[in-house]
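User: I'd like to go through this model with you and ask for the reasoning behind a few terms. Could you show it first?

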Number of protein chains: 2
Amino acid sequence: MKQLVVGIDIGGTNSVFGLVDREGNMYGEGVVPTRKYPDFDQYLEELFIGISNISKNVTEEFELVGIGIGAPNANYFDGTIWNAANLVWKGTVPFVEKMKRYYPNIPIIITNDANAAAIGEMIYGGARGMKDFIVVTLGTGLGSGFVSGGRLVYGHDSFAGELGHVIVNRGGRMCGCGRKGCLETYVSATGIKRTAFKLLADHLEDSEFRNISFNDLTAEMITKAALNGDPLAIEAYEYTGMMLGQALADAVAITSPEAIFLFGGLAKAGKYIFEPTKKYMELHMLANFRNKVKLLPSGIDGKNAAVLGASALIWQEREQ
Amino acid sequence: MKQLVVGIDIGGTNSVFGLVDREGNMYGEGVVPTRKYPDFDQYLEELFIGISNISKNVTEEFELVGIGIGAPNANYFDGTIWNAANLVWKGTVPFVEKMKRYYPNIPIIITNDANAAAIGEMIYGGARGMKDFIVVTLGTGLGSGFVSGGRLVYGHDSFAGELGHVIVNRGGRMCGCGRKGCLETYVSATGIKRTAFKLLADHLEDSEFRNISFNDLTAEMITKAALNGDPLAIEAYEYTGMMLGQALADAVAITSPEAIFLFGGLAKAGKYIFEPTKKYMELHMLANFRNKVKLLPSGIDGKNAAVLGASALIWQEREQ
């Protein structure tokens, strides 16, 4: 019988879920508006109904073999979500324990979104067959998942992989974490906006961005402008790539990966982000590692990437 | 029958070896002067004779179950030593392959000294029962071994753990690796000498170090002076601890260890290195991790630490 997994990607606005087979084919998907359910029990009920509905619509017979969940601040070890700033549920949510009431007999695994992306890359994407690699997720912030010897680096408390909060410029940009100079203040959707505004301040040249407020500017606009050849947008990407490349050279010294995958929004700028990142990564690399580490776009990036990543948690655990 | 392992610590000057049981008891030890044998085959023969000699002197009957080796630039995956600056053998030395001729029927494992120290910490030292920790070795340079989920992080090419070559000050001190601002230019026996000389340049106060040349000054002298209350030596340690603490806060963000162990020379300064390192590590730590990560002296540091670490490679592999 066909074996399927439920993958759930929990975001602040929506929770997207789908039924996925081992090859990454989707057998139906659904959405629950996370923000509408500050009562977690009610949310879970909606989620259960949603999953039941898409399950009914699968035409062939199948066995549900597990549920994988990617969520901000999720703890792999104890199955909770802990104080996630962007979610409506406050404090510690015992996600897996409560979900077990609906699905008592199958494994349920939760981890943070960047870790899920890394496992997704290993199961379905460009890291198939690799044992040591890093996935960097470029969204509003910067997340990362480190895989070493074929296993995700969870660390002692499951919160490893905070590459976005490595300090790359002491005393630099204020970070939401309360410190200064974290990588994600430079390399993320928000980071590149800050860089664009810094360039508007430093330079005199005219730019389409001079008529746009900070709150109206989006990273997508900068990407689009770069792809259209706008010099300021290209310079913003060059600077972003420099900061990322330097940080990756240091991460390589610690974990020695075979490849680094860039996933998410900024990666869509193609050569405008990959070229400077690669250039500065090699320029700052310890000689041992120079010209050995591949810098690649994610192989699962796209519409269903987060759901695929979440579902991959189950396939990976079954194969270990 | 008693099971014993040979542990070998290969240094530029000497190779020290010993027979070790699972509890870390030594059953004899010996030395081969590495530097005297630029011919590797001759070196191996001497080593074999030395091991045979100490084996003969063990009074109880025993089974030799493996040989573990710690050496600079050793590659765990292919068993070679690769271009080690401090060793007399140049190019790539197929260490394990050649040693197999003498010991065809037992496992032989080689890795770099810092990795061996980390495994030693896990098998015999303060990391017993821990699954996620870092060992930082403070010698002439700075080495490190990262353990994640109970396994050493070797990386794709076995050269992971180069924390000493993470850039902590861009454009900072020249490093032997050809780049600038690497952690080990600040935090190591050589690093603290450089810091002491910087302080002599910046300050006017008299100091016992004003009569000593750079080449005559040793880290031990600075440690001794700090323990005697010398202000410049204490300030040199304060600065060293600041640089180390900041770097450790970043390493914690990536791997989320339960504890960090300091091993080797500088760790002997006790509170003069531990207090500033802890203070600056917590000051720069991402909130998630604050006041959670233990900073500890190595539990195996001492005369036989490197031999113990090397022997632990075998015990760890048998237990996996």
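Analyst: Happy to; here are some labels and the values behind them.

User: What makes chain A a confident part of the model?

Analyst: This is a predicted model, and the mean pLDDT of chain A is 94. In chain A, 100% of the residues reach 70 or more, where the scale of this confidence runs from 0 to 100. The model scores are ipTM 0.91 and pTM 0.93.

User: Why is α4(B) called oblique to α6(B)?

Analyst: Helix α4 (residues 189-202) of chain B and helix α6 (residues 231-255) of chain B pack at an angle of about 125 degrees. Roughly perpendicular covers 65 to 115 degrees and roughly antiparallel needs over 145. The angle of about 125 degrees is in neither class, so α4(B) is oblique to α6(B). Their axes are 9 Å apart, and the crossing is right-handed.

User: Which residues of α4(B) and α6(B) meet, and how do they divide by class?

Analyst: From α4(B) come B:Gly191, B:Ile192, B:Thr195, B:Ala196 and B:Leu199. They meet B:Leu232, B:Glu235, B:Ala236, B:Tyr239 and B:Thr240 of α6(B). By class, this contact has six nonpolar, three polar and one charged residues.

User: How do you know that chains A and B are related by a two-fold axis?

Analyst: A turn of 180 degrees with a shift of 0.0 Å along the axis lays chain A on chain B, with an RMSD of 0.0 Å. That is the relation of a two-fold axis. The same surface serves both copies, as 100% of the contact residues of chain A recur in chain B.

Definitions and conventions: Residues are numbered from 1 along each chain as its sequence is written. Chains are lettered from A and ligands numbered from 1 in the order in which they are written. This is a predicted model: local features need pLDDT of at least 70, side-chain atom pairs count only at pLDDT 80 or more; totals for chains, interfaces and linings use all residues. pLDDT is the predictor's confidence in each residue, from 0 to 100. Axes are lines fitted to C-alpha atoms, for helices over the stretch in contact, and angles run from 0 to 180 degrees between N-to-C directions. Helices (H or I, at least four residues) and strands (E, at least two) are DSSP runs, numbered from the N terminus. Angles under 35 degrees count as roughly parallel, over 145 as roughly antiparallel, 65 to 115 as roughly perpendicular and the rest as oblique. A crossing is left-handed if the near helix is turned anticlockwise from the far one by less than a right angle, and right-handed if clockwise. Two residues are in contact if their C-beta atoms, placed from the backbone, lie within 7 Å. Ala, Val, Leu, Ile, Met, Phe, Trp, Tyr, Cys and Pro count as nonpolar, Asp, Glu, Lys and Arg as charged, and the others, Gly among them, as polar. Copies are superposed by least squares on the C-alpha atoms of residues with pLDDT of at least 70 in both.
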